[in-house]
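Reader: I've got the model loaded and I'd like a close look at its sheet and at whatever pins its strands together. Could you walk me through it, charged pairs included?

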Amino acid sequence: MVIDFNNLYEMPKEMDRILEMFRNSSSVQRRNSYPMVNVAENGTGYYVDACIPGVAIEDVDLTLTARSLVIKVERKSPEGRYFRQERLAGTFQRIITLNVPVERDKVTAKSVNGILRITLPKAEDIKPRRISIEQ
């Protein structure tokens, strides 16, 4: 009786090949997330920069909920016959989770050169406070 172990030796390669397909699909999804955002923090607040070139301000909807900032964008596809269309068109949404409270009444948004900057000031309750020591 002859036992063929070739299939067992090839199994790790096959598993790697299958897992690589899943890894690639998540990286493609991350790369195609729209709008692309940068989220930063300084001592006074948080900043969200959303890249929305070619989108009219009327086609952007910002919503601040208790725990998140929702950015909805509609990019309209221009009329015409395309041979290649790489710019995304349609309605897109990004949700940025806020793990700390912000001053809701002081949130601002400004668009310059296709970059939408949303400023979210920190709530006074969470800002660092210096405590004096009595003698």
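**The sheet and its charged pairs**

Author: Let's start with Asp-49 and Arg-117, which form a salt bridge (a side-chain nitrogen of Lys or Arg within 4 Å of a carboxyl oxygen of Asp or Glu) with their closest N and O atoms 2.7 Å apart. Asp-49 sits in strand 2 and Arg-117 in strand 7, so this pair links parts of the chain that are 68 residues apart. Strands here are DSSP runs of E with at least two residues, numbered from the N terminus. Keep in mind that this is a predicted model, where local features need pLDDT of at least 70, side-chain atom pairs count only at pLDDT 80 or more, and totals for chains, interfaces and linings use all residues. Residues are numbered from 1 along each chain as its sequence is written, and side-chain values use heavy atoms, with hydrogens and water left out.

Now for the sheet that holds both partners. It is an open sheet of four strands, in the order 1-2-7-6, and its pairing is antiparallel (two strands pair if DSSP finds at least two bridges between them). Strands 1 and 6 take the edges with a single partner strand each, so each has one side without a neighbour in the sheet.

Which strands does strand 7 pair with, and over how many bridges? With strand 2 there are seven bridges, and with strand 6 there are five; both pairings run antiparallel. If you want a handle on the second one, look at Thr-108, whose bridge partner in strand 7 is Thr-119.

On the other flank, strand 1 pairs with strand 2 over six bridges, again antiparallel. A hairpin makes that connection, taking three residues to get from strand 1 to strand 2. One of the bridge partners here is Tyr-46 of strand 2, which goes with Glu-41.

Is strand 2 largely enclosed or open? Six of its seven residues are buried (under 20% relative accessible area with a 1.4 Å probe, protein chains only; over 50% is exposed and anything in between is partly exposed), so the rest of the structure largely encloses this strand.

Inside strand 2, Val-48 is a good place to zoom in: opposite Val-48 stands Ile-118 of strand 7. Val-48 and Ile-118 are both among the residues that touch the most other members of the largest nonpolar core (buried Ala, Val, Leu, Ile, Met, Phe, Trp, Tyr and Cys residues joined through side-chain atoms within 4.5 Å), along with Ile-52, Leu-69, Ile-71 and Leu-120. That core counts 18 residues, and strands 2, 3 (60–64), 4 (68–75), 5 and 7 each put in at least two of them. Leaving out residues up to four places away in sequence, Ile-118 has contacts (heavy atoms within 4.5 Å) with Tyr-46, Tyr-47, Val-48, Leu-62, Leu-69, Ile-71, Val-107, Thr-108 and Ala-109. So on Ile-118's contact list you meet Val-48, the residue opposite, plus Tyr-46, the partner of Glu-41.

Back to charges. How many salt bridges does a search of the whole structure find? Three turn up. Besides Asp-49 with Arg-117, there's Lys-122 with Glu-41, whose side chains meet at 2.8 Å, N to O. Glu-41 belongs to strand 1 while Lys-122 follows strand 7, so here the salt bridge ties together parts 81 residues apart in sequence. Lys-122 is buried, at a relative accessible area of 8%, whereas Arg-117 is partly exposed at 39%.

The remaining salt bridge joins Asp-59 and Lys-76, with 3.4 Å between the closest N and O atoms. Both residues sit in loops, Asp-59 between strands 2 and 3 and Lys-76 between strands 4 and 5, and 17 residues separate them. Asp-59 counts as buried at 18% relative accessibility, but Lys-76 is exposed at 53%.

Last stop: the turn between strand 6 (108–112) and strand 7 (115–121), where the loop holds Asn-113. Is Asn-113 buried or exposed? Exposed, with a relative accessible area of 79%. Measure across to Cys-51 and you should get 9.3 Å, C-alpha to C-alpha, for two residues that are 62 apart in sequence.
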